[in-house]
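Student: Hi! Could you walk me through this structure?
Tutor: Sure, have a look, then ask away.
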Amino acid sequence: MFQNLKNKKRIISITLVIVIILIFIIIFIKFNYKNLKIGNNMSNKSIEEIEEYILNISSYEAEVSVVVEGNKTTNKYVILQQYISPNKIKQTVIEPRNIEGLEVIYDGNSLTINNSKLNLRKIYENYEYITNNFLCLESFIEDYKNGKENSNTSLKEENEEIVLEVNMKSNNKYIQNKKLYISKNTGKPTKLLIEDINEKTVVYILYNEIKINDLNKN
């Protein structure tokens with residue numbers, strides 16, 4: 001009888017240990033699944049949800065490589081872009097070296113160009129693309145929002161990317177169509193194309209790095 005009681009206690013102890021282990025396993029699985037789901041949040045969203053995410057960006061900081069195809073020349077830049085909603089924009093030139101450090105700042109009302117080493121008049125004449133905000137992501141977002149109201153936009157999947165496209169209906173023959181490519185996995189822009197009236201890409205913007213909604217007004 002004593003032996004049976006001892007065996008029962010052993011069985012109960014083993015059972016309790018097993019139950020505790022199972023509880024820990026369940027908690028561990030749920031916790032890690034939750035983190036995994038959060039970590040891959042964008043990959044679980046629909047293309048409409050990612051579109052909404054992009055259209056509601058409040059700030060971003062990006063290093064971009066820009067190629068501008070002119071009639072006779074091709075201009076290449078590497079630029080650091082910073083934006084804070086609703087209208088604060090700053091672009092800092094990293095390359096080419098001859099205008100490295102050039103800053104173009106918009107505050108919603110005025111444009112400021114900073115670089116004491118350079119002739120600003122010459123810069124404005126020869127590097128007008130740098131002083132134009134159509135190189136910036138928020139310019140595309142504004143155009144896309146306006147285009148949606150007039151049914152001039154499209155949204156589609158293309159391989160592992162989502163493409164937001166807007167027809168500008170513009171009098172400017174060099175800026176007729178814009179296409180923003182977004183990674184389905186990260187929800188981040190990968191490139192922005194601007195096409196002319198002949199559907200030729202005249203501006204190609206590659207997002208080398210981009211951080212979204214991380215900046216503050218300071």
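Student: What does the chain average in pLDDT?
Tutor: This is a predicted model, and the chain averages a pLDDT (the predictor's confidence in each residue, from 0 to 100) of 84, with 83% of the residues scoring at least 70. Residues are numbered from 1 along each chain as its sequence is written. Local features need pLDDT of at least 70, side-chain atom pairs count only at 80 or more, totals for chains, interfaces and linings use all residues, and side-chain values use heavy atoms, leaving out hydrogens and water.
Student: Where does pLDDT stay under 50?
Tutor: Over residues 34-40, for which the model has one contact (heavy atoms within 4.5 Å) beyond four places in sequence.
Student: New topic: what is the strand order in the open sheet?
Tutor: Its ten strands (DSSP E runs of at least two residues, numbered from the N terminus) go β5-β4-β3-β2-β1-β10-β9-β8-β7-β6, with antiparallel pairing (pairing takes at least two DSSP bridges between two strands).
Student: Which strands stand at the edges?
Tutor: β5 (111-114) and β6 (153-158); each has a single partner strand, so one side of each is left without a neighbour in the sheet.
Student: And how many bridges join β4 and β5?
Tutor: Four, in the antiparallel sense, with β4 covering residues 103-106. V104 has I113 in β5 as its bridge partner.
Student: What does V66 touch?
Tutor: Leaving aside neighbours within four places in sequence, V66 is in contact with several residues, including N75, Y77, L135 and V203.
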